[in-house]
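Q: I would like to learn how to read a few features of a model, one at a time. Could we start with the terms and then go through the cases?

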Amino acid sequence: MALINENYTKLPGSYLFSDIARKVNEFKAAHPDANIIRLGIGDVTKPLAPAVIDALHKAVDDMADASTFRGYGPEQGYDFLVNTIVDNDYKAYGLDIAADEVFVSDGSKSDTGNIGDILGLDNVVAITDPVYPVYVDTNVMAGRSGELLPNGKWSNIVYLPCTEENDFVPALPTEKVDIVYLCYPNNPTGTTLTKDQLKVWVDYALKNKALILFDSAYEAFITEDNVPHSIYEIEGAKEVAIEFRSFSKTAGFTGTRCAYTVVPKALMGYTKSGEKVSLNKLWNRRHTTKFNGVPYIIQRAAEACYSVEGKKQVKATIDYYLNNTKIIRDGLLSQGFKVYGGVNSPYIWVKTPKEMTSWQFFDYLLAELNIVGTPGVGFGPSGEGYLRLTGFGTLDNTKEAVSRLKKISI
Ligand code: MLT
(Lines give C-alpha, C1' and ligand atoms only; values in the text may rest on other atoms or scores of the structure.)
Protein backbone atom coordinates (compact mmCIF):
# COMPACT_ATOMS: atom_id res chain seq x y z
CA MET A 1 0.00 0.00 0.00
CA ALA A 2 1.54 3.28 -1.11
CA LEU A 3 1.15 5.88 1.59
CA ILE A 4 0.89 9.48 0.50
CA ASN A 5 2.45 12.61 1.90
CA GLU A 6 -0.63 13.63 3.88
CA ASN A 7 0.54 17.21 4.10
CA TYR A 8 -0.74 17.61 0.55
CA THR A 9 -4.27 16.86 1.73
CA LYS A 10 -4.16 19.97 3.91
CA LEU A 11 -3.62 22.27 0.93
CA PRO A 12 -6.43 24.28 -0.65
CA GLY A 13 -7.73 22.44 -3.76
CA SER A 14 -5.59 24.27 -6.29
CA TYR A 15 -2.81 26.78 -6.67
CA LEU A 16 -3.98 30.43 -6.70
CA PHE A 17 -3.17 31.13 -10.33
CA SER A 18 -4.67 27.83 -11.52
CA ASP A 19 -7.85 28.76 -9.68
CA ILE A 20 -8.00 32.14 -11.39
CA ALA A 21 -7.25 30.63 -14.81
CA ARG A 22 -10.15 28.19 -14.30
CA LYS A 23 -12.55 31.01 -13.37
CA VAL A 24 -11.49 33.08 -16.38
CA ASN A 25 -11.82 30.10 -18.73
CA GLU A 26 -15.32 29.40 -17.43
CA PHE A 27 -16.27 33.04 -17.98
CA LYS A 28 -14.79 32.98 -21.48
CA ALA A 29 -16.73 29.82 -22.33
CA ALA A 30 -19.96 31.45 -21.17
CA HIS A 31 -19.16 34.78 -22.90
CA PRO A 32 -17.14 33.90 -26.02
CA ASP A 33 -17.33 37.46 -27.38
CA ALA A 34 -15.99 39.15 -24.26
CA ASN A 35 -12.72 41.00 -24.90
CA ILE A 36 -10.92 39.96 -21.74
CA ILE A 37 -7.88 41.94 -20.62
CA ARG A 38 -5.58 39.83 -18.46
CA LEU A 39 -3.77 41.80 -15.79
CA GLY A 40 -3.80 38.91 -13.33
CA ILE A 41 -0.83 36.54 -13.36
CA GLY A 42 2.49 38.34 -13.84
CA ASP A 43 3.14 36.91 -17.27
CA VAL A 44 4.97 38.94 -19.88
CA THR A 45 3.59 39.87 -23.31
CA LYS A 46 6.63 41.23 -25.19
CA PRO A 47 8.70 38.74 -27.21
CA LEU A 48 12.28 37.86 -26.29
CA ALA A 49 14.85 40.54 -27.14
CA PRO A 50 16.44 40.28 -30.62
CA ALA A 51 19.88 39.64 -29.07
CA VAL A 52 18.38 36.73 -27.13
CA ILE A 53 16.73 35.32 -30.26
CA ASP A 54 20.04 35.57 -32.18
CA ALA A 55 21.82 33.70 -29.40
CA LEU A 56 19.12 31.04 -29.37
CA HIS A 57 19.42 30.49 -33.14
CA LYS A 58 23.19 30.25 -32.89
CA ALA A 59 22.97 27.83 -29.96
CA VAL A 60 20.55 25.64 -31.93
CA ASP A 61 23.15 25.51 -34.72
CA ASP A 62 25.76 24.49 -32.13
CA MET A 63 23.54 21.57 -31.21
CA ALA A 64 23.34 20.52 -34.87
CA ASP A 65 27.10 20.11 -35.24
CA ALA A 66 29.03 17.26 -33.61
CA SER A 67 31.97 19.56 -32.82
CA THR A 68 29.84 22.02 -30.81
CA PHE A 69 27.05 19.74 -29.63
CA ARG A 70 26.50 19.60 -25.84
CA GLY A 71 25.03 16.76 -23.84
CA TYR A 72 24.71 16.93 -20.07
CA GLY A 73 26.10 20.20 -18.81
CA PRO A 74 27.24 21.14 -15.32
CA GLU A 75 24.12 21.05 -13.12
CA GLN A 76 25.07 24.41 -11.60
CA GLY A 77 25.20 26.11 -15.00
CA TYR A 78 27.82 26.58 -17.72
CA ASP A 79 30.82 28.76 -16.82
CA PHE A 80 29.96 31.18 -19.64
CA LEU A 81 26.65 32.05 -17.96
CA VAL A 82 27.73 31.82 -14.33
CA ASN A 83 30.73 34.09 -14.90
CA THR A 84 28.59 36.57 -16.84
CA ILE A 85 26.10 36.67 -13.96
CA VAL A 86 28.85 37.18 -11.38
CA ASP A 87 30.49 39.98 -13.40
CA ASN A 88 27.32 41.86 -14.31
CA ASP A 89 24.97 41.35 -11.38
CA TYR A 90 27.50 41.37 -8.55
CA LYS A 91 31.09 42.46 -9.38
CA ALA A 92 29.78 45.47 -11.34
CA TYR A 93 28.09 46.60 -8.09
CA GLY A 94 31.17 45.95 -5.95
CA LEU A 95 29.69 42.73 -4.53
CA ASP A 96 32.01 39.82 -4.04
CA ILE A 97 30.08 36.72 -5.12
CA ALA A 98 32.08 33.73 -6.40
CA ALA A 99 31.13 31.54 -9.36
CA ASP A 100 30.65 28.49 -7.13
CA GLU A 101 28.08 30.39 -5.09
CA VAL A 102 25.75 30.70 -8.13
CA PHE A 103 23.36 27.91 -9.15
CA VAL A 104 21.57 28.29 -12.47
CA SER A 105 18.09 26.77 -12.50
CA ASP A 106 14.77 26.68 -14.34
CA GLY A 107 13.04 29.26 -12.16
CA SER A 108 12.71 31.06 -8.86
CA LYS A 109 9.38 29.35 -8.28
CA SER A 110 11.21 26.02 -8.34
CA ASP A 111 14.13 27.25 -6.24
CA THR A 112 12.10 29.04 -3.56
CA GLY A 113 9.93 25.92 -3.43
CA ASN A 114 12.79 23.42 -3.38
CA ILE A 115 15.10 25.20 -0.97
CA GLY A 116 13.14 23.67 1.91
CA ASP A 117 14.66 20.28 0.99
CA ILE A 118 17.88 21.27 2.77
CA LEU A 119 16.19 22.83 5.81
CA GLY A 120 14.95 21.02 8.90
CA LEU A 121 11.25 20.47 9.51
CA ASP A 122 11.43 21.97 13.00
CA ASN A 123 12.33 25.43 11.76
CA VAL A 124 9.86 28.19 12.55
CA VAL A 125 9.08 29.93 9.28
CA ALA A 126 8.01 33.57 8.95
CA ILE A 127 6.40 35.08 5.89
CA THR A 128 5.28 38.56 5.07
CA ASP A 129 1.52 38.70 4.60
CA PRO A 130 0.37 39.02 1.78
CA VAL A 131 2.96 36.80 0.13
CA TYR A 132 3.80 34.85 -3.03
CA PRO A 133 1.81 31.65 -2.35
CA VAL A 134 4.65 29.28 -3.26
CA TYR A 135 6.49 30.02 0.00
CA VAL A 136 3.50 28.96 2.09
CA ASP A 137 2.27 26.05 -0.02
CA THR A 138 5.71 24.40 -0.18
CA ASN A 139 6.07 24.63 3.59
CA VAL A 140 2.65 23.01 3.94
CA MET A 141 3.81 20.21 1.62
CA ALA A 142 6.95 19.73 3.71
CA GLY A 143 5.05 19.62 7.00
CA ARG A 144 6.28 22.87 8.58
CA SER A 145 2.97 24.73 8.53
CA GLY A 146 0.80 23.06 11.18
CA GLU A 147 -2.95 23.29 10.56
CA LEU A 148 -5.06 25.76 8.59
CA LEU A 149 -7.00 27.95 11.02
CA PRO A 150 -10.43 29.52 10.36
CA ASN A 151 -8.72 32.91 9.97
CA GLY A 152 -6.89 31.61 6.89
CA LYS A 153 -3.53 31.33 8.67
CA TRP A 154 -1.42 28.23 9.25
CA SER A 155 -0.89 27.51 12.93
CA ASN A 156 2.92 27.08 12.81
CA ILE A 157 3.72 29.88 10.37
CA VAL A 158 4.53 33.33 11.70
CA TYR A 159 2.72 36.02 9.71
CA LEU A 160 4.25 39.48 9.35
CA PRO A 161 1.42 41.73 8.14
CA CYS A 162 2.28 44.30 5.50
CA THR A 163 -0.59 46.75 5.29
CA GLU A 164 -1.32 50.43 4.79
CA GLU A 165 -0.96 50.86 8.56
CA ASN A 166 2.73 49.93 8.55
CA ASP A 167 3.37 51.30 5.08
CA PHE A 168 3.91 47.72 3.91
CA VAL A 169 7.11 47.43 5.98
CA PRO A 170 7.03 44.22 8.04
CA ALA A 171 7.84 44.52 11.73
CA LEU A 172 10.34 42.10 13.23
CA PRO A 173 8.64 39.02 14.68
CA THR A 174 7.91 39.07 18.39
CA GLU A 175 8.67 35.34 18.67
CA LYS A 176 11.96 33.82 17.56
CA VAL A 177 11.89 32.56 13.98
CA ASP A 178 14.49 30.52 12.08
CA ILE A 179 13.64 31.23 8.44
CA VAL A 180 12.21 34.41 6.92
CA TYR A 181 11.03 34.78 3.33
CA LEU A 182 11.45 38.31 2.02
CA CYS A 183 10.57 39.33 -1.54
CA TYR A 184 11.62 42.83 -2.64
CA PRO A 185 10.48 44.58 -4.75
CA ASN A 186 7.49 42.82 -3.33
CA ASN A 187 5.15 40.45 -5.02
CA PRO A 188 2.22 41.12 -4.64
CA THR A 189 2.19 44.66 -3.16
CA GLY A 190 4.81 46.18 -5.47
CA THR A 191 6.34 47.98 -2.48
CA THR A 192 10.02 48.01 -1.52
CA LEU A 193 12.35 48.22 1.46
CA THR A 194 15.09 50.82 1.68
CA LYS A 195 18.63 49.73 2.51
CA ASP A 196 18.12 50.73 6.14
CA GLN A 197 14.88 48.76 6.36
CA LEU A 198 16.50 45.67 4.87
CA LYS A 199 19.46 46.06 7.21
CA VAL A 200 17.09 45.63 10.15
CA TRP A 201 16.35 42.12 8.83
CA VAL A 202 19.96 41.22 8.16
CA ASP A 203 20.87 42.34 11.68
CA TYR A 204 17.97 40.29 13.11
CA ALA A 205 19.14 37.21 11.21
CA LEU A 206 22.75 37.68 12.32
CA LYS A 207 21.66 38.03 15.93
CA ASN A 208 19.27 35.05 15.87
CA LYS A 209 21.19 32.72 13.51
CA ALA A 210 18.15 32.93 11.24
CA LEU A 211 18.14 32.43 7.49
CA ILE A 212 16.68 34.98 5.05
CA LEU A 213 15.34 33.61 1.77
CA PHE A 214 15.48 36.77 -0.35
CA ASP A 215 13.49 36.66 -3.58
CA SER A 216 14.59 39.48 -5.87
CA ALA A 217 12.88 38.31 -9.04
CA TYR A 218 11.68 41.90 -9.66
CA GLU A 219 15.02 43.62 -9.08
CA ALA A 220 15.20 44.85 -12.69
CA PHE A 221 12.15 47.08 -12.08
CA ILE A 222 13.82 49.19 -9.38
CA THR A 223 13.84 52.86 -10.38
CA GLU A 224 14.66 54.57 -7.07
CA ASP A 225 18.16 55.00 -5.66
CA ASN A 226 17.74 53.90 -2.10
CA VAL A 227 16.27 50.51 -2.94
CA PRO A 228 18.81 47.68 -2.76
CA HIS A 229 19.11 45.49 -5.87
CA SER A 230 20.74 42.67 -3.93
CA ILE A 231 20.57 41.75 -0.27
CA TYR A 232 24.35 41.38 -0.38
CA GLU A 233 24.55 45.19 -0.50
CA ILE A 234 23.85 44.94 3.24
CA GLU A 235 26.86 44.19 5.42
CA GLY A 236 26.80 40.69 6.87
CA ALA A 237 24.14 39.40 4.46
CA LYS A 238 26.42 36.73 3.01
CA GLU A 239 26.31 35.04 6.41
CA VAL A 240 22.51 34.94 6.58
CA ALA A 241 20.88 35.13 3.15
CA ILE A 242 20.17 33.12 0.03
CA GLU A 243 19.20 35.27 -2.97
CA PHE A 244 16.90 34.17 -5.80
CA ARG A 245 17.00 35.93 -9.19
CA SER A 246 15.16 35.18 -12.37
CA PHE A 247 15.25 35.99 -16.08
CA SER A 248 11.46 35.51 -16.23
CA LYS A 249 10.27 39.05 -15.59
CA THR A 250 13.63 40.67 -16.29
CA ALA A 251 13.98 39.37 -19.84
CA GLY A 252 10.70 37.70 -20.74
CA PHE A 253 11.78 34.14 -19.90
CA THR A 254 8.49 33.07 -18.27
CA GLY A 255 8.09 30.40 -20.96
CA THR A 256 11.79 29.98 -21.67
CA ARG A 257 12.80 29.20 -18.06
CA CYS A 258 16.06 30.38 -16.58
CA ALA A 259 16.91 31.72 -13.13
CA TYR A 260 19.68 31.49 -10.57
CA THR A 261 20.14 31.23 -6.85
CA VAL A 262 23.09 32.51 -4.83
CA VAL A 263 24.09 30.48 -1.79
CA PRO A 264 27.19 32.09 -0.26
CA LYS A 265 29.88 29.85 1.19
CA ALA A 266 29.87 31.93 4.37
CA LEU A 267 26.28 30.91 5.03
CA MET A 268 25.85 28.20 7.66
CA GLY A 269 22.95 26.13 8.89
CA TYR A 270 23.04 24.11 12.08
CA THR A 271 22.48 20.52 13.14
CA LYS A 272 20.29 19.93 16.19
CA SER A 273 23.45 19.65 18.25
CA GLY A 274 24.58 23.06 17.04
CA GLU A 275 27.26 21.98 14.58
CA LYS A 276 27.68 24.36 11.61
CA VAL A 277 27.02 23.01 8.12
CA SER A 278 27.58 24.85 4.82
CA LEU A 279 24.27 25.48 3.07
CA ASN A 280 26.19 25.95 -0.18
CA LYS A 281 27.42 22.35 0.09
CA LEU A 282 23.94 21.04 0.88
CA TRP A 283 22.32 22.96 -1.97
CA ASN A 284 25.04 21.78 -4.35
CA ARG A 285 24.36 18.20 -3.27
CA ARG A 286 20.62 18.63 -3.75
CA HIS A 287 20.92 20.46 -7.06
CA THR A 288 23.34 17.95 -8.60
CA THR A 289 21.20 15.03 -7.45
CA LYS A 290 17.75 16.27 -8.40
CA PHE A 291 18.44 18.63 -11.33
CA ASN A 292 20.27 18.10 -14.60
CA GLY A 293 20.85 21.68 -15.60
CA VAL A 294 19.12 24.27 -17.77
CA PRO A 295 19.35 23.47 -21.51
CA TYR A 296 22.47 24.79 -23.25
CA ILE A 297 20.46 26.85 -25.73
CA ILE A 298 18.54 28.54 -22.91
CA GLN A 299 21.72 29.37 -21.03
CA ARG A 300 23.15 30.94 -24.20
CA ALA A 301 19.92 32.95 -24.45
CA ALA A 302 20.27 34.11 -20.84
CA GLU A 303 23.92 35.05 -21.43
CA ALA A 304 22.83 37.25 -24.34
CA CYS A 305 20.78 39.43 -21.96
CA TYR A 306 24.11 40.83 -20.74
CA SER A 307 25.62 41.78 -24.10
CA VAL A 308 25.69 45.51 -24.89
CA GLU A 309 22.74 45.13 -27.27
CA GLY A 310 21.00 42.65 -24.99
CA LYS A 311 21.14 45.02 -22.02
CA LYS A 312 19.70 47.90 -24.07
CA GLN A 313 16.87 45.75 -25.43
CA VAL A 314 16.03 44.19 -22.07
CA LYS A 315 15.94 47.64 -20.47
CA ALA A 316 13.63 48.94 -23.20
CA THR A 317 11.17 46.15 -22.40
CA ILE A 318 11.33 46.81 -18.67
CA ASP A 319 10.68 50.51 -19.38
CA TYR A 320 7.68 49.52 -21.50
CA TYR A 321 6.16 47.53 -18.61
CA LEU A 322 6.98 50.28 -16.13
CA ASN A 323 5.22 52.77 -18.38
CA ASN A 324 2.14 50.50 -18.43
CA THR A 325 2.31 50.30 -14.66
CA LYS A 326 2.45 54.08 -14.41
CA ILE A 327 -0.55 54.42 -16.72
CA ILE A 328 -2.60 52.10 -14.48
CA ARG A 329 -1.35 53.71 -11.30
CA ASP A 330 -2.04 57.27 -12.49
CA GLY A 331 -5.43 56.26 -13.87
CA LEU A 332 -6.54 54.68 -10.61
CA LEU A 333 -5.14 57.51 -8.49
CA SER A 334 -6.93 60.13 -10.57
CA GLN A 335 -10.18 58.26 -9.90
CA GLY A 336 -9.63 58.34 -6.17
CA PHE A 337 -8.53 54.74 -5.66
CA LYS A 338 -5.97 54.01 -2.97
CA VAL A 339 -3.01 52.58 -4.83
CA TYR A 340 0.36 51.21 -3.70
CA GLY A 341 3.46 49.88 -5.43
CA GLY A 342 4.01 50.25 -9.15
CA VAL A 343 7.03 52.56 -8.91
CA ASN A 344 9.84 50.00 -8.51
CA SER A 345 7.72 47.09 -9.59
CA PRO A 346 5.36 45.87 -12.31
CA TYR A 347 2.68 45.28 -9.66
CA ILE A 348 0.02 47.66 -8.42
CA TRP A 349 -1.81 46.94 -5.19
CA VAL A 350 -5.18 48.62 -5.19
CA LYS A 351 -7.64 48.92 -2.34
CA THR A 352 -11.04 47.60 -3.37
CA PRO A 353 -13.81 50.23 -3.61
CA LYS A 354 -16.92 50.29 -1.42
CA GLU A 355 -15.53 47.80 1.10
CA MET A 356 -15.78 44.97 -1.43
CA THR A 357 -13.86 41.82 -0.58
CA SER A 358 -11.00 40.89 -2.88
CA TRP A 359 -13.02 38.17 -4.61
CA GLN A 360 -16.09 40.41 -4.97
CA PHE A 361 -13.97 43.01 -6.73
CA PHE A 362 -12.29 40.32 -8.85
CA ASP A 363 -15.72 38.97 -9.91
CA TYR A 364 -17.02 42.47 -10.59
CA LEU A 365 -14.02 43.36 -12.79
CA LEU A 366 -14.29 40.12 -14.73
CA ALA A 367 -18.06 40.19 -15.22
CA GLU A 368 -18.62 43.93 -15.77
CA LEU A 369 -15.38 45.22 -17.25
CA ASN A 370 -13.83 41.99 -18.55
CA ILE A 371 -10.59 42.71 -16.72
CA VAL A 372 -8.69 40.01 -14.84
CA GLY A 373 -6.81 40.97 -11.68
CA THR A 374 -5.55 38.84 -8.81
CA PRO A 375 -7.57 38.97 -5.58
CA GLY A 376 -5.34 40.17 -2.76
CA VAL A 377 -6.67 37.65 -0.27
CA GLY A 378 -5.28 34.89 -2.49
CA PHE A 379 -1.85 36.04 -1.26
CA GLY A 380 -2.78 35.79 2.41
CA PRO A 381 -5.23 37.11 5.02
CA SER A 382 -3.72 40.62 5.06
CA GLY A 383 -4.40 40.86 1.34
CA GLU A 384 -8.16 40.92 1.95
CA GLY A 385 -9.70 44.09 0.57
CA TYR A 386 -7.03 44.51 -2.11
CA LEU A 387 -6.53 43.44 -5.70
CA ARG A 388 -3.28 43.19 -7.68
CA LEU A 389 -2.94 44.45 -11.25
CA THR A 390 0.14 44.07 -13.45
CA GLY A 391 1.88 46.25 -15.99
CA PHE A 392 2.79 43.19 -18.08
CA GLY A 393 -0.06 43.65 -20.57
CA THR A 394 0.31 45.32 -23.95
CA LEU A 395 0.21 49.13 -24.05
CA ASP A 396 -3.10 49.09 -25.95
CA ASN A 397 -4.73 46.69 -23.50
CA THR A 398 -3.40 48.68 -20.57
CA LYS A 399 -4.91 51.91 -21.90
CA GLU A 400 -8.16 50.14 -22.65
CA ALA A 401 -8.25 48.65 -19.14
CA VAL A 402 -7.74 52.10 -17.60
CA SER A 403 -10.56 53.56 -19.65
CA ARG A 404 -12.87 50.70 -18.60
CA LEU A 405 -11.87 51.19 -14.96
CA LYS A 406 -13.08 54.80 -15.25
CA LYS A 407 -16.60 53.39 -15.18
CA ILE A 408 -16.19 52.58 -11.50
CA SER A 409 -17.41 55.24 -9.14
CA ILE A 410 -15.57 55.27 -5.83
C1 MLT B 1 2.73 36.15 -10.17
O2 MLT B 1 1.84 36.54 -10.92
O3 MLT B 1 2.74 36.36 -8.96
C4 MLT B 1 3.85 35.40 -10.78
O5 MLT B 1 3.85 35.52 -12.15
C6 MLT B 1 3.77 33.99 -10.51
C7 MLT B 1 5.09 33.35 -10.73
O8 MLT B 1 6.08 34.00 -11.05
O9 MLT B 1 5.14 32.14 -10.51
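A: Gladly, and we can begin with accessibility: buried means under 20% relative accessible area, exposed means over 50%, and partly exposed is in between, with a 1.4 Å probe and protein chains only. This is a predicted model, in which local features need pLDDT of at least 70 and side-chain atom pairs count only at pLDDT 80 or more, while totals for chains, interfaces and linings use all residues. Residues are numbered from 1 along each chain as its sequence is written, and side-chain values use heavy atoms, with hydrogens and water left out.

Q: Is aspartate 167 buried or exposed?

A: Aspartate 167 counts as exposed because its relative accessibility is 56%. Helices (H or I, at least four residues) and strands (E, at least two) are DSSP runs numbered from the N terminus. In those terms, aspartate 167 sits in the loop between strand 4 (157-161) and strand 5. Its phi is positive, about 60°, although aspartate 167 is not a glycine.

Q: Which class of accessibility does arginine 257 fall into?

A: Arginine 257 has 28% relative accessibility, so it counts as partly exposed. Arginine 257 is not a glycine either, yet has a positive phi of about 70°. Its place is the loop between helix 7 (248-251) and strand 8 (259-262).

Q: How do I read the span of a helix, and what is it for helix 1?

A: The expected span is 1.5 Å times one less than the number of residues. For the 15 residues of helix 1 (residues 16-30) this gives 21 Å, and the end C-alpha atoms are 22 Å apart, which agrees.

Q: Which residues of helix 1 are buried?

A: They are Leu16, Phe17, Ile20, Val24 and Phe27. Seen down the axis of helix 1, these buried residues fall within an arc of 85°, so they line one face of the helix. The arc is that of the directions from the helix axis to the C-beta atoms. Exposed residues Ala29 and Ala30 are carried on the face turned away from the buried side of helix 1.

Q: What covers the buried residues of helix 1?

A: Contact here means heavy atoms within 4.5 Å. The cover of helix 1 includes strand 1 (37-38), helix 5 (133-142), helix 11 (358-369), strand 13 (371-372), strand 14 (374-375) and strand 15 (386-390).

Q: How many residues of helix 3 are buried?

A: In helix 3, 9 of the 12 residues are buried, and the helix is mostly covered. Among the buried ones are Phe80, Leu81, Ile85 and Tyr90. The buried residues of helix 3 pack against strand 2 (102-105), strand 7 (241-246), strand 8, helix 9 (296-304) and helix 10 (308-334).

Q: Which residues are buried in helix 6?

A: Leu198, Trp201, Val202, Tyr204, Ala205 and Asn208 are buried in helix 6. They cover an arc of only 155° around the axis, which puts them on the same side of helix 6. Asp196 and Lys207 are exposed on the other side of helix 6. Cover for its buried residues includes strand 4, strand 5 and strand 6 (211-215). Just after helix 6, lysine 209 takes a positive phi of about 50°.

Q: Which residues surround the ligand?

A: A residue is near a molecule if one of its heavy atoms lies within 4 Å of it. Around the ligand are Phe17, Ile41, Gly42, Tyr132, Asn187, Tyr218, Lys249, Tyr347 and Arg388.

Q: What polar contacts should I look for there?

A: A polar contact is a pair of N or O atoms within 3.5 Å; within protein, one must be able to donate a hydrogen and the other to accept it, and residues adjacent in sequence count only if both atoms are side-chain atoms. A polar backbone atom of glycine 42 is 2.6 Å from an oxygen atom of the ligand. A polar side-chain atom of asparagine 187 lies 2.9 Å from a ligand oxygen, and one of lysine 249 lies 2.7 Å from a ligand oxygen. The protein covers 85% of the 270 Å² of accessible area that the ligand has on its own, by the Shrake-Rupley method with a 1.4 Å probe; for residues, only the protein chains shown count as cover.

Q: Where is proline 188, and what is the peptide bond from asparagine 187 to it?

A: Proline 188 lies in the loop between strand 5 (179-183) and helix 6 (195-208). The peptide bond from asparagine 187 to proline 188 is cis, with omega near 20°.
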